[in-house]
Amino acid sequence: MVANPQPKPTAEQQKWVYSFGRELCEGGATQKNLLGGKGANLAEMSRIGLPVPPGFILSTEVCTFFYQNKNTYPAGIRQQAEAGLKQVEKEMGIRFGDVKKPLLLSVRSGARASMPGMMDTILNIGLNDETVIGLGDNRFAWDCYRRLIQMYGDVVLNVSRDHFEDVLDTYKRRHALKVDTDIDVEGWKDIVAQFKALVQKDTGKPFPQDPHEQLWGAIGAVFNSWMTPRAITYRKINNIPEDWGTAVNVQAVVFGNMGDDCGTGVAFTRNPSTGENLFYGEYLVNAQGEDVVAGIRTPLSISDMKKNMPEVYQELDTIRHTLEKHYKDMQDIEFTIQNKKLYMLQTRTGKRTAQAALRCAVEMVGEGLITKEQAIQRIAPASLDQLLHPTIDPQAAKTVLAKGLPASPGAATGAITFSSDEAENLAADGKKVILCRTETSPEDIHGMHAAQGILTSRGGMTSHAAVVARGMGKPCVAGASDIVIDYKTQTLQVKGKTLRPGDKVTIDGSTGEIILGEVSMLQPAMTGHFTTLMQWADAVRRLKVRANAETVLDAETAHKFGAEGIGLCRTEHMFFDPTRILYVRQMILAETTEERCAALEKIEPHQRQDFINLFKIMKGLPVTIRLLDPPLHEFLPHEAGEIRELAKALSLPAEGVQQRIDRLHEANPMLGLRGARLGIVYPEIYEMQVKAIFEAALAVKKETGNTVALEIMVPLIATKQEMDLLKSMIDKVAASLEKTDYITGTMIELPRAALQAGVIAETAEFFSFGTNDLTQTTYGISRDDAGAFLPDYQKRGIFASDPFASIDTDGVGELIKIAVERGRKTRKNIKLGICGEHGGDPSSILFFEKAGLDYISCSPYRVPIARLAAAQAALLNK
């Protein structure tokens, strides 16, 4: 008998709320999709016996229901939350809303992927005019109450944060007080009264006194924060799906601001900038959590805790090692100390620079924490970009204006700007900027993303600016207290010097230096931990990695980064060289074959030398040379003045030159006389190129003894007949010269070629998928014009991603799979590669691994990324 399927639980029956604590723990680290990263790790820390204040989690499924049902909650959730609250009260021994000894709660977000600072938090839920007396009716209690009103008013009631700050600043100024800790109990009572009046004025309602109303208001605000502009921007930058949602964590509050035996801090189990295995972090005495990241007070180093609170430090250091051994990764932790008792409030995988990620991964293998395969999979390939950019030349002359904290390594130069909106606008216009802020906040996410680097005058190594910049791979100098940033006057003042928007500075996130103007920089050296990890990656990957290169600099860069050959040499790029463009134009404007051949004879020595240079650099590695592809009119001028200059240089009438240019004009040149069509209509062009290629290979072999692994590629083939004609021409040129080994293939960049791959492979000895054009011709979209609508398509969910950045596996990918299958059926040993921009995209590389290609080819600076991504793809495809 077949068992009847279990009926799906109703909303009232479904479990929405999960408890965590010493006595009851209903989740763990494996349930991040359901409980969010923060909630899952709080439950996990509780489960392994670490000191975690108890709480409960409203799952990500609640968030999904919330948005699908017009911001309402599922039936039964309030009863489940009440049961969770009772469990917290039981473990803490105090009750929520009790006027004599109140339990206070924090309400925090917790998506499955960390989104630091992007969503909202409210602390001290449960305080009102009565419970503040029960909490102590002292400076500490009233400070907690004003924090609640300030946070709740801002996050839940939409009262401007600046209005609260104005009240606070005015009070301190009138009473000649410098910092918040100087305010006494009567001062906080006065400020609370002003805050409540502000809420009444701005909302028309008094600040809520019912603790349960506060709780559900805070929960709703955290769910709503999932769709704030800053959260949406962060998700877009980090490719976090909108439908993941966030969990909400409700937790008993422990107090770091009760006195000098209390504190709060943020720490990393290793240095997140360098990866060094040293405890790294900051803490504040007599403070709550938001004080550390806000940058309002200068925190103490975690090492200072050894002297100030040695027992607490020892316990925290033990927990540091426990967490690393348990999670087998570097952790980012938050903690609070209440009356010398330590509580863990969060652990998560620590965000780190690429440099730190490499060091952590390699050294953790040496420590026996992880395997080499795990180390390979741990590094995000795209993060290697952070290692592939210039650093400041130590020999360069420089004028150091000031020095701050080296918050995120790397160096950047740009024009200063004080506004995130302006940074975004300037970057959109192609300008490089340094975003200068007193301190950053989540609202600055778009400006930080657009800027080359970030400079702040306040904040520490774990401030918002530092953490976000490290995650983005942007250089950041934080807490540069010698500089004064004035938003009103739009000036940056430092040691008697005044800088204004547009003035250039260079920041060095590795040293903390702020330097006037531009400074010369050095290219990075790939050594040490990078080399070790790449060796491990190379040992497991199947896909070969080549580079797209046609200049000496590109080829040398590619070879330095470990390219195993050239997968695409675009010969047309060589034609634009100033020393030969005149001959190229003369060839194009020729009226007869004889005139054209005369011009080609002048170009041929340059082409031959180009190929000699590439072959020498590659030292016997395969080199795929694509014959001329673009339409001829691209080499000709279009402005009247340039046309007159060309006519004069060629001793031709300007009218005749203009007429020839007009005859070459095409309505849709991408689909016109280009590629194989060009070689068939004007065979002398391809004959010259092929002759130069073979003669270069022979010259290099005679000079160096290295045999060139030569691959000649015919572009834009649509039919077997085209391939037959051009292969015959190539073979004929080869036969007229001394014997050279070579193979001939084609670029698959048209849907028809993919579908006819079986018959084309009768002639072609290799295929290289030109995924740029294959995407264009499959979709019928011009890559150059797609920017007008692609963002809207992605926003509407029509495209999950830009198909020119990540391969369209369903359409373009299907054509590739068909071509692979049919090509190999005809020619078992056919060599298969890809040379479009997708060759450097990690998600596309996984598809190419599964499709069974032999190699990928990408831009030189993406070669390390491709090598690592290919290794990860091989491990995933085992």
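**The barrel**

Begin with strands 26 to 33 of this predicted model. These 8 strands close into a barrel in the order 26-27-28-29-30-31-32-33, and their pairing is parallel. From one strand to the next, the twist averages 25°.

Now select residues 742-748, which form strand 30, together with residues 766-769, which form strand 31. The two strands run parallel and are joined by 3 bridges. Which residue of strand 31 is the bridge partner of Ile-748? The partner is Phe-769.

Add helix 26, residues 683-704, to the selection. Helix 26 lies across strand 28 (622-626), strand 29 (709-714) and strand 30. Its direction is at about 175° to strand 29.

**Three antiparallel strands**

Next, select strand 24, residues 513-516, with strand 23, residues 504-508. Strands 23 and 24 run antiparallel, with 4 bridges between them. Within this pair, Thr-506 stands opposite Ile-515 of strand 24. The hairpin formed by the two strands has 4 residues between them, and Gly-512 there takes a positive phi near 90°.

Then add strand 14, residues 400-403. Strand 14 also pairs with strand 24, again running antiparallel, through 3 bridges. Here Lys-403 has Glu-513 as its bridge partner in strand 24.

**Helix 12 and its surroundings**

Move to helix 12, residues 310-327. At 1.5 Å a residue, the 18 residues of this helix should span 26 Å, and the end C-alpha atoms are indeed 26 Å apart.

Colour the buried residues: Val-312, Tyr-313, Leu-316, Asp-317, Ile-319, Arg-320, Leu-323, Glu-324 and Tyr-327. Why can they be said to line one face of the helix? Viewed down the axis of helix 12, the buried residues fall within an arc of 160°, so they line one face. On the other side, Glu-311 and Lys-325 are exposed.

To see what the buried residues pack against, display helix 1 (32-47), helix 11 (305-308), strand 11 (331-338), strand 12 (341-349) and helix 13 (354-366). Helix 12 is followed by Lys-328, which has a positive phi near 55°.

**A pair of helices**

Finally, select helix 2, residues 60-68, and helix 8, residues 211-224. Their axes are 10 Å apart, and the helices pack at an angle of about 80°. Helix 2 and helix 8 are therefore roughly perpendicular to each other. Helix 2 makes the contact through Val-62, Cys-63, Phe-66 and Tyr-67, while helix 8 contributes Gly-220, Phe-223 and Asn-224.

Methods. Residues are numbered from 1 along each chain as its sequence is written. This is a predicted model: local features need pLDDT of at least 70, side-chain atom pairs count only at pLDDT 80 or more; totals for chains, interfaces and linings use all residues. Side-chain values use heavy atoms; hydrogens and water are left out. Two strands pair if DSSP finds at least two bridges between them. The expected span of a helix is 1.5 Å times one less than its number of residues. Buried means under 20% relative accessible area, exposed over 50%, partly exposed in between (1.4 Å probe, protein chains only). The arc is that of the directions from the helix axis to the C-beta atoms. Contact means heavy atoms within 4.5 Å. Axes are lines fitted to C-alpha atoms, for helices over the stretch in contact, and angles run from 0 to 180 degrees between N-to-C directions. Angles under 35 degrees count as roughly parallel, over 145 as roughly antiparallel, 65 to 115 as roughly perpendicular and the rest as oblique.
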